[in-house]
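The following exercises concern the structure shown below. Each task is followed by a solution in steps.

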Amino acid sequence: MNEVIETILSHRSVRKYRDKPLTNEQIHKIVESAQAASTSSYIQAYSIIGVKNQQTKNRLAELAGNQPYVAQNGHLLIFCADLHRHDVIAQIEGKDLSESLESAEKFMVALIDAALAAQNASVAAESMGLGICYIGGLRNQLQDVQELLKLPGRVLPLFGLTIGYPAADTDKKPRLPQANVYHEEVYEQDQNKFIEELKAYDEQISSYYNERTNGKRNDTWTGQMAHMLSNPTRMYMKEYVEKQGFNKK
């Protein structure tokens, strides 16, 4: 155990922040930490948009489903898959790179690069005593997000990251049993064992919600997932992604 691991294991999503902006030095160090993340083949296929303007935050909060903490935080980062600079590289070097840039592989590279950078940023922020929350709701209306942030082609906004000084303590939500996530040598072949692990996790989650809400809620994780996945959302995504120049081949 060390301070880095303690920071990682104490993670909680924070959705209520004090009215105190991050300093420029804090922002710089968080972004510098993001850039230190691994990147496939040194492609560095992501960009980060920092948002301080309150009107812009308010609009992004609306687009994300009226989530107040998107507007009220110490700083807001928007992580984007970005192959636009590689279009610029094509111009500089006088080469046609479109077949590679439009491939499913480079789409995956850009997504993975952005996610790795974001997690580095999150750990850096939490190591400073700040709280964070990922905002997937930005994908509700990506065309509007794109226009608001003036994003060019081959740039795809993926999610937001709110950062700030926590205004209240939040509970740590239990994760899946490690045995259900970590498989040695091959994927778990005993389906009954797999199911039993999920049932045990359901009991843990049900107790967590029951205690947290004073008996008003006791749903299970498998029940939550079944309900959510029974109602497909953001089904425009494939068309939008291709329109932005990604995953076309």
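**Exercise 1. Salt-bridge network**

Task: State which residues are linked in a network of salt bridges, and give the count of salt bridges in this predicted model.

Solution. Step 1: the criterion is a side-chain nitrogen of Lys or Arg within 4 Å of a carboxyl oxygen of Asp or Glu. Step 2: under this criterion, a network links Asp87, Glu102, Arg154 and Lys249. Step 3: the count by the same rule is 11 salt bridges.

**Exercise 2. A salt bridge within a helix**

Task: Determine how Lys29 and Glu32 are placed along helix α2, and whether their side chains are buried or partly exposed.

Solution. Step 1: a salt bridge joins the side chains of Lys29 and Glu32, with an N to O distance of 3.1 Å. Step 2: because the two residues are three apart in helix α2, about one helical turn separates Lys29 from Glu32. Step 3: partly exposed refers to the range between 20% and 50% relative accessible area. Lys29 has a relative accessibility of 40% and is therefore partly exposed; Glu32, at 38%, is likewise classed as partly exposed.

**Exercise 3. Two further pairs**

Task: For the salt bridges Asp82 to Arg85 and Glu188 to Lys193, assign each partner to its exposure class.

Solution. Step 1: the side chains of Asp82 and Arg85 meet at 3.8 Å, N to O. Step 2: buried means under 20% relative accessible area. With a value of 6%, Asp82 is buried, whereas Arg85 has 34% and is partly exposed. Step 3: Glu188 and Lys193 form a salt bridge with an N to O distance of 3.8 Å. Step 4: Glu188 is partly exposed at 23% relative accessibility, and Lys193 is partly exposed with a relative accessible area of 42%.

**Exercise 4. A positive surface patch**

Task: Identify the residues that gather in a patch of positive charge on the surface, then locate Arg15.

Solution. Step 1: the patch consists of Arg15, Lys172, Lys173 and Arg175. Step 2: patch residues need over 30% relative accessible area and no salt bridge. Arg15 has a relative accessible area of 46%, which makes this residue partly exposed. Step 3: in the chain, Arg15 belongs to the loop between α1 (3-9) and α2 (24-35).

**Exercise 5. Positive phi angles**

Task: Describe the backbone and the surroundings in the chain of Arg234 and Asn247.

Solution. Step 1: Arg234 is not a glycine, yet its phi is positive, near 50°. Arg234 sits in the loop that lies between α11 (221-229) and α12 (237-243), and its relative accessible area of 28% makes it partly exposed. Step 2: Asn247, also not a glycine, has a phi of about 55°. Asn247 is located in the segment after α12 and is partly exposed, with 26% relative accessible area.

**Exercise 6. The chain as a whole**

Task: Assess how compact the chain is, given its radius of gyration and its 249 residues.

Solution. Step 1: the chain contains 12 helices and four strands. Step 2: its radius of gyration of 20 Å is close to the 18 Å from the globule rule for 249 residues, so the chain is as compact as a globular protein of that length. Step 3: the C-alpha trace extends about 60 × 50 × 40 Å along the principal axes. Step 4: of the 249 residues, 38% are buried.

How values were computed: Residues are numbered from 1 along each chain as its sequence is written. This is a predicted model: local features need pLDDT of at least 70, side-chain atom pairs count only at pLDDT 80 or more; totals for chains, interfaces and linings use all residues. Side-chain values use heavy atoms; hydrogens and water are left out. Patches are made of residues with over 30% relative accessible area and no salt bridge: like charges are joined within 9 Å, nonpolar side chains (Val, Leu, Ile, Met, Phe, Trp, Tyr) within 5 Å. Accessible areas come from the Shrake-Rupley method with a 1.4 Å probe; for residues, only the protein chains shown count as cover. Lys and Arg count as positive and Asp and Glu as negative; His and the chain ends are not counted. The place of a charge is taken as NZ of Lys, CZ of Arg, CG of Asp or CD of Glu. Buried means under 20% relative accessible area, exposed over 50%, partly exposed in between (1.4 Å probe, protein chains only). The radius of gyration is taken over C-alpha atoms; the globule rule is 2.2 Å times the number of residues to the power 0.38.
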